[in-house]
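The following exercises are to be worked through with the sequence and the three-dimensional model at hand. Each task is followed by a solution in steps.

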Amino acid sequence: MTGFIFLRVRAHRLLLAAALLAVLLTTAVLATLTAFSGSIGDAALRHSLRTRSAAQASLVVGAQVPPGARESADRAVREGARRTFDGLPVGLRSLARSGPYALPGALPGAQKGGGPDLTHFAALDRSRIRLTKGSWPSSYTKGGPVEVALPEAAAARLKLGPGSAPLTLTDRLTGPKVTVEVTGVYRPADPTEPYWQLDELGGRGVRESVFLTYGPLLADPTALGQVSAGRTQWLATADFRGVTTERVGDLRSAAEGGPAELAKSASLGGSPSASTALPEVLDRAERALLVSRSTLLIVALQLIMLAGYALLLVARLLGTERGGETALLIARGGSRSKVAWLATVEALLLALPAAVLAPLLAGPLTGLLAGHGALARTGVRLDTSTGTATGTEVWLIGVATALGCALAVVAPALASSTGPLRRARSAALPAPLRAGADVGLLVIAAVAYWQLDSRTSGAGALSGDGAGGLGIDPLLVAAPALALLAGTVVTLRLLPPAARLAERRAARGRGLPGALAGWQLSRRPLRGARPVLLLVLAVALGLLAIGQGASWDRSQEDQADFRAGTQLRVLASRVPEKEQAEVYASLPGVRDAAPAARSTMDLADDRQATVLALDGARALPGLLIREDRADRAALADALRSGQTGAVATEQFLRSSGAAVGSRVDVPVTGGSLRVTIVEAVPELPTTALPEGTGGTQEQAETTEAEADGAALLLDLPGVNAALRADGGKPLTPTEWWLTTRPGASADAAAALRARPDIDPEQVLVRDEIAAELRDDPLGAGPQSALLAVAVAAALLAAVGFAVSAAGSLRERSAEFAVLRALGAPRRQLARMIAAEQGFLLAVALLVGVAIGAVLARAVVPLIVLTGDAARPVPPVLVELPLPQAATLLAAIAAVPFAIIAALSLSRGDPTVSLRHEGGN
C-alpha cells in the first residue's frame, strides 16, 4: 500500500508540489506571526519599562530617617521594593539631603531684592554624576569647612569653582551657620535618568520659583551629620529584562499593594512615603498589546481565507486530474472510503514537512521582520528562540495550521466519497439560492461594519469580559475579513456579463484568436472564476495591507500635529510676564511667538468646554491642522470679524445647543464676554484627545473638556481689547505657541529646557511627540507584519493561478488538438490562450484594485487605533500610495504573465490527445 501511495504522488507530483508549497507557505507565515506577536509583546513591554516609562515604573520612597537608623531603613526599602516588583532583582539608589540654607547675598548670580537664594547639601550617588573640574569632596574633618562640589549650571551662574573663597551659609531653620569650600564642579551623567526624580531641581542645578534655588551641594555622607537634617529618598528600580507579558497580572497586583505596605514600616522613621506608577504603565502596555495583537489577527484571518481558497483550488484540480483513476479504482472493487483514506494519507504527507519546518523557520523570519520596516527604527530586539512559552505556541500553531491545510486539500476527496447523489444535489442548486447566499454575505458584512463603526467608547477595539477585564473584540477581527470575502464574491456576479461583453467585442473583429477566446469565456464564464477569485483576494488583501500601513504612518504624524498644535509649545513657566514675549521670540530658530490663554466653561449635563484664546495673527500661520479639518484662512477671517468672533467645534455646538451665528457668553476673569460663533470645525488642535490617552505628562493632565472635544477658539488681542473697553482686566497668557524655522525646533527646545525658570516637561515639541508615536514597538510592529502578509498573498496567488491555468489547458487539450487537426496555426492558438488568460488576469487585477480601494476606505479607519485602543484624533485619513500599489500589482501579475507566456508558447502533439480521446 505504501508503494501505491508513492506511485500516486509521483504521477501527480507537480500538483502535489504546488499544494506542498502552499501548505508550507501558509504554515510558515502563521507560525511566524504567532512568534512575532509573542516576541514583540515581550520586547515592547521591556523596552517601555526600561526607557520612556522607566521613571514611572520605578518606586520612590522617602522618609525622615533618625540618626543611626540608615542601615535598617535601607534594608526595609530593599525588601519592600522586592515585594513591590514581585520578586524581581532590584537596584537601589539614594539621595540624602539637608535642610535649606541661604547663600550669601553678595555672590554674582544672587537675585537682588526679595528673599535670599537657597541651596542644600546632598549625598548623591556618584555613579550618576561626572566630575568636570577639581576633585570630589573628602570626608568631613572636625572644625574644618564642609567640602562641596557644585553643579555646572550653579557654578557658572554664581562664578564659583575650585579655589574660590570659602562661603558661609545660613541655616533657614534653627541650626548654626556652615562654612563650605568648593572643591569641584559636577554634572549629571544623564539628566533624563529616573534617579533625578529624587532631586527637587531635577539635576538641572538651578531652579527659579518663589526663591532662586541652587544645588544640590554635593558633600561626603560624613558631612551630613554636621548640617541640619533633611529627608532621605530612595529610588528602587527593577530588572525588567526577564519580564514577559504573562507576568503582567502578578506584577500589577504586587505594585498596587507593595508601596502602602512599605510606607507602614517602622524602620523608615518619620513621614514615610512610597509611590510608583507601575500599575498604570502596565495597564497602558496591556491595552497597547491587545491593539497590536488584534491587528495581527486581522491580517492573519485574511491570509487564512486566501490560503484556504488556494488549497481548495489545488485540491479540486487534483481531484479532477484523478477522476479517471478514481473511477477505475471503484470499478475494480475499491470502496469510496478507501479512496478517501488514500487522499487523507497524501494530505498528511503534505502536512508533515510543513508542521516540522514552519516552526523552525519562524525564528529567522521573525528576526527578518524585526530588522526591516517600521520596527527596525525602534531599536527593539526580539527573542526568536523556540524554547519559550511563545515557542510552544508557535509549534502548536504550526501543527494545527498544517493539519488544517491538509483538511482543505483532502476536503474534495472526502466530499466525493458521499457518492453521485451529493454531487447532483450540489449542482442542482438554483441560481436564486446562490444569489441569496451572496446577498446574505453582503448583509452580514454590512451589519458587522455598521456595528463596528458605531462603537465610539473609550475601549474602542477592546471588549470587556464578565470579570471586568479587557479582551480583543472578535467583531473587529472578523469584520475586515467578512468585507473582503463579500466584496470578492461579487466578482462571481460580474464575470459572466463581462465575458459576454468581451465576446461581443471580439466577434466584431476579424481575427480567430479573439473570437475563440471570447466564445470560450462566454460559454463557460465560471471556468476561470476560481483563479480570478484567488487573484482578486490577493490584490485586495495586498492593497488593504498597504493602505493600513500608509494610513497608520500618516495618522501618527496627524496626531502629533494635533497634540502639539504648533512646532513648539510652552505650557507653563516662571518667566516674568513682561519678559515672556521677548524671551520666547529671541530663541534660536523661532520665527514667531504667540501668547495663548486656556480656560474652561461649563455646559449642560455637567460637560465642560475648552476656551482657547490665541493670538491668531501670530499663531495661525504656523498652526498644524489638516486641510480637511479646517482652513487657516477661514479661521483667520472668523477671528477678525467685526464682532468678537469665535470658532466652535462641532461637539461644542452639540453640547451647548448653539449654532453658527449664535451668541454665547464666555466666562473670563471677573465676568463674562459675549462672542459670536462665526465658524464651525470638526475639532481644534490641543483641545480634544482620545479617551484613555496616556503616556506623556501633558497627555496625563488632559482635562475632561479636552477629552470631550468641545472647544471655542478666540482671538486673544480681540478679547483683551473688548475687555479693556468694558473696563475689565485683560487675559494673562497661560502658554505660548512658538513657530520655528524648518528643523530648528530641537535647538529652541534645548534653549528653553536649559532655563532655570522653565521646567523641561512643560516644553512640548511636535517632532518629539511624532517620534514617540512612530517608535512605539507595539504600534510599529504590526506594520512590519503587513508587508510579509502582502508578499505571502502574492506568492499564494501565483501558485494558485499557475496550477489553475495549467489544469485548464490540460483539460482542454483535446479541444486544442481538434483545432490543430482542422488547420488552426499554432500562433493563433497561442494568441487565443494569451487573450483568454490575459482577459481573466486583467479582470482580476481591476476588480481586486476596486475592492481593495473600497475596503481600504471603509475598513482602515475602523482598525487603525491609538495605543490605548481609542479612535485617533483627528480621524484617520486613508492613504493608498500609488508607487507601493503599482509595485504590488506588478509583483502579483508577474508570475501569471510568465505562466501565460509559457503556456502560449508550449508545443503539444495533437495526435497524442486525439488518440487518447478516441480511446475513451
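**Exercise 1. Determine how many helices and strands the chain holds, and what share of its residues is buried.**

Step 1. The chain contains 29 helices and 25 strands; these are DSSP runs numbered from the N terminus, with helices (H or I) of at least four residues and strands (E) of at least two. The model is predicted: local features need pLDDT of at least 70, side-chain atom pairs count only at pLDDT 80 or more, and totals for chains, interfaces and linings use all residues. Residues are numbered from 1 along each chain as its sequence is written, and side-chain values use heavy atoms, with hydrogens and water left out.

Step 2. Of the 920 residues in the chain, 51% are buried. Buried means under 20% relative accessible area, exposed over 50%, and partly exposed in between (1.4 Å probe, protein chains only).

Step 3. Of the contacts (heavy atoms within 4.5 Å) between residues at least 6 apart in sequence, 82% join residues at least 24 apart.

**Exercise 2. Establish which residues of helix H4 are buried and where they lie around the axis.**

Step 1. Helix H4 spans residues 70-84, 15 residues in total, and reaches 21 Å from its first C-alpha to its last. This is close to the expected 21 Å, the expected span being 1.5 Å times one less than the number of residues.

Step 2. Ala73, Ala76, Val77, Gly80, Ala81 and Thr84 are the buried residues of H4. They cover an arc of only 135 degrees around the axis and therefore lie on the same side of H4; the arc is that of the directions from the helix axis to the C-beta atoms.

Step 3. Glu71 and Arg75, on the other side of H4, are exposed. The cover over the buried residues includes strands E1, E2 (90-98) and E13 (229-238), together with helix H6 (248-263).

Step 4. After H4 comes Asp86, with a positive phi near 55 degrees.

**Exercise 3. Describe helix H22 from its start to the residue that follows it.**

Step 1. At the start of H22, the backbone nitrogen of Gly718 has a side-chain oxygen of Asp715 within 3.1 Å.

Step 2. H22 covers residues 716-725, and its buried residues are Leu716, Val719, Asn720, Ala722 and Leu723. These fall within an arc of 160 degrees when seen down the axis, so they line one face of H22.

Step 3. Arg724 and Ala725 are exposed on the other side of H22. Among the elements covering the buried residues are strands E18 (590-602), E19 (608-614) and E23 (711-715).

Step 4. Gly727 follows H22 and has a positive phi, near 80 degrees.

**Exercise 4. Is Ser58 buried or exposed, and which side chain does its own side chain join in a polar contact?**

Step 1. Ser58 lies in the loop between helix H3 (54-57) and strand E1 (59-64).

Step 2. Ser58 has a relative accessible area of 2% and is therefore buried.

Step 3. The side chain of Ser58 is joined to that of Gln197 by a polar contact of 3.1 Å. A polar contact is a pair of N or O atoms within 3.5 Å; within protein, one must be able to donate a hydrogen and the other to accept it, and residues adjacent in sequence count only if both atoms are side-chain atoms.

Step 4. Leaving aside residues up to four places away in sequence, Ser58 touches residues including Phe85, Leu235 and Ser275.
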